[in-house]
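Work through the exercises below with the sequence and the 3D structure open. Try each task before reading its solution.

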Number of protein chains: 2
Amino acid sequence: MRDGFKMRNIKMIVSYDGSRYNGWQRQKNSPNTIQELIENVIHDCIKEKVTIISSGRTDAGVHAYGQVINFNVQSTLPLKEIQRVINIALPNDIAIKSIEEVGERFHSRYNAKSKIYVYKILNSDVHDPFIRKYAYYCPHDLDIEKMKRAARLFIGQHNFNGFSSAKASNKSTERIIYSLDIVQNGEEIEISYHGNGFLYNMVRIMTGTLIEIGLRKLPEDVITTALKTGERQVAGYTAPPHGLVLAEVKY
Amino acid sequence: MRDGFKMRNIKMIVSYDGSRYNGWQRQKNSPNTIQELIENVIHDCIKEKVTIISSGRTDAGVHAYGQVINFNVQSTLPLKEIQRVINIALPNDIAIKSIEEVGERFHSRYNAKSKIYVYKILNSDVHDPFIRKYAYYCPHDLDIEKMKRAARLFIGQHNFNGFSSAKASNKSTERIIYSLDIVQNGEEIEISYHGNGFLYNMVRIMTGTLIEIGLRKLPEDVITTALKTGERQVAGYTAPPHGLVLAEVKY
């Protein structure tokens, strides 16, 4: 940063179809991440090298309507112009939905109060070409009422270690789930998770567990047991990424 | 057909994402058509060589919720089983939505009474990663009321030669448009066409003309003039294929 140049802290809401990316987070030996692509586009467009902070990573194949990012620039270009040139340069499976300047202390990860994730399931005899990349196709009979009863066991503050793929560490695995709604609309089922934070793979493991309970492969009380013991192997499988979307981050 | 074998006339409703195909109709020197792919899958699954009749071709990149096809087979397999094995063998951007056995005289093209096509436009400042393959992105100001007034000029029986890319022939270019509805839902605009039949590229040229009228590049009366004179160059441009879907065929 050169003397006399004031840095602007730019916040953006980003929407992406994660199908063809290797997840959000820039990785040393793995190209094709969304973070790296947007950083490169910003560099090309406004000639500044930036490091993007996001509300959190999303896995390979996971989508976002409302990923929140921020980064510092010296550019004095109008915000709408920055958004416009970046959107033109981005591939059309990524879009900057909104842009604003925020205080220098705003941090999209540390300041995130809660997040909403939505997992979509297509529960029908026949697959649907138009949502094949955005909903997990499950042609088997699902007991939705059983899933709704089981979902209630997640509400509140718990140790979600049993619903995480992360390696053991000293970090807390306590999280709060504020709401978990399962809505059936014809052949489409949407599971919405609202929580103060989510561990690695947590939504997908919670979803896989609910699906296996709906398929009557697991009893409802595996949830209670997995929450109590923190044992990953008690819970269900990790549902595939393409049904999942980061819908909103609240501050 | 061997003696003693009764042919069954099978009718199917097919849904497809046309993005990666070279249109519906099998072509001699052009691979990757939807017709050829389904015929090959049927051959693989039930070991009979069939020729599929469809309600009509769709262009490269055009989608379908309700394309109707029929073909003759000797197979005595239950219908649901035929549907099941074909759906398993099809790529997941094509789906057989329903199957039934119909009378031997049923012909999906000759018996079609009318068709409904829907053209989708995204009219917003920012593109949308999730409908980029299913809606035409138009970021410019569209005068929807003007488009709705202009659309009324298409209703009824007219010579649609000016709205067709077909080469001159002796075939009639008279068609009836029963309804043409333009519905705006937030940033999405859907134009629904219901007619007794559509000439080659007709919906896309009608749509391109309506868009150019909405952009105030063309006056509304080009429609009247193009219908009266039959001159293709009077009408607007051919809107891109990916916004278009064959929604329903009525019999």
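**Exercise 1. Locate B:Asn201 and describe its backbone and its surroundings.**

Step 1. B:Asn201 sits in the loop that joins strand 9 (188-195) to helix 4 (202-214) of chain B. Helices (H or I, at least four residues) and strands (E, at least two) are DSSP runs, numbered from the N terminus. The model is predicted: local features need pLDDT of at least 70, side-chain atom pairs count only at pLDDT 80 or more, and totals for chains, interfaces and linings use all residues. Residues are numbered from 1 along each chain as its sequence is written, while chains are lettered from A and ligands numbered from 1 in the order in which they are written.

Step 2. Although B:Asn201 is not a glycine, its phi is positive, about 70 degrees. Most residues other than glycine have a negative phi.

Step 3. B:Asn201 counts as partly exposed because it has 18 C-beta neighbours inside 10 Å. The cut-offs are these: a residue is buried if 20 or more other C-beta atoms lie within 10 Å of its own, exposed if 12 or fewer, and partly exposed in between, with C-beta atoms placed from the backbone.

**Exercise 2. Is A:Arg216 buried or exposed?**

Step 1. Find A:Arg216 in the loop between helix 4 (202-214) and helix 5 (222-229) of chain A.

Step 2. Count its neighbours: there are 12 C-beta neighbours inside 10 Å, so A:Arg216 is exposed.

Step 3. Check the backbone: A:Arg216 is not a glycine, yet its phi is positive, about 65 degrees.

**Exercise 3. Describe the two faces and the partners of strand 9 of chain B.**

Step 1. In a regular strand the side chains alternate between the two faces of the sheet. Here the covered face holds B:Ile189, B:Ile191, B:Tyr193 and B:Gly195, and the uncovered face holds B:Glu188, B:Glu190, B:Ser192 and B:His194.

Step 2. Strand 5 (residues 114-122) of chain B pairs with strand 9 of chain B in the antiparallel sense, over eight bridges; two strands pair if DSSP finds at least two bridges between them. Within this pairing, B:Glu190 is the bridge partner of B:Lys120.

Step 3. Strand 8 (residues 174-185) of chain B is also antiparallel to strand 9 of chain B, over eight bridges. Opposite B:His194 stands B:Ser179.

Step 4. Strand 8 and strand 9 of chain B form a hairpin with two residues between the strands, where B:Gly186 takes a positive phi near 65 degrees.

**Exercise 4. How many residues of chain A are in contact with chain B, and which strand gives the most?**

Step 1. 17 residues of chain A are in contact with 17 residues of chain B. Two residues are in contact if their C-beta atoms, placed from the backbone, lie within 7 Å.

Step 2. Strand 1 (8-16) and strand 4 (94-102) of chain A each supply at least two residues of the side that touches chain B. Strand 4 of chain A gives the most, with four residues.

**Exercise 5. What turn lays chain A on chain B?**

Step 1. A turn of 180 degrees, with a shift of 0.0 Å along the axis, lays chain A on chain B with an RMSD of 0.0 Å. The copies are superposed by least squares on the C-alpha atoms of residues with pLDDT of at least 70 in both.

Step 2. The two copies are therefore related as by a two-fold rotation axis.

Step 3. The same surface serves both copies, as 100% of the contact residues of chain A recur in chain B.
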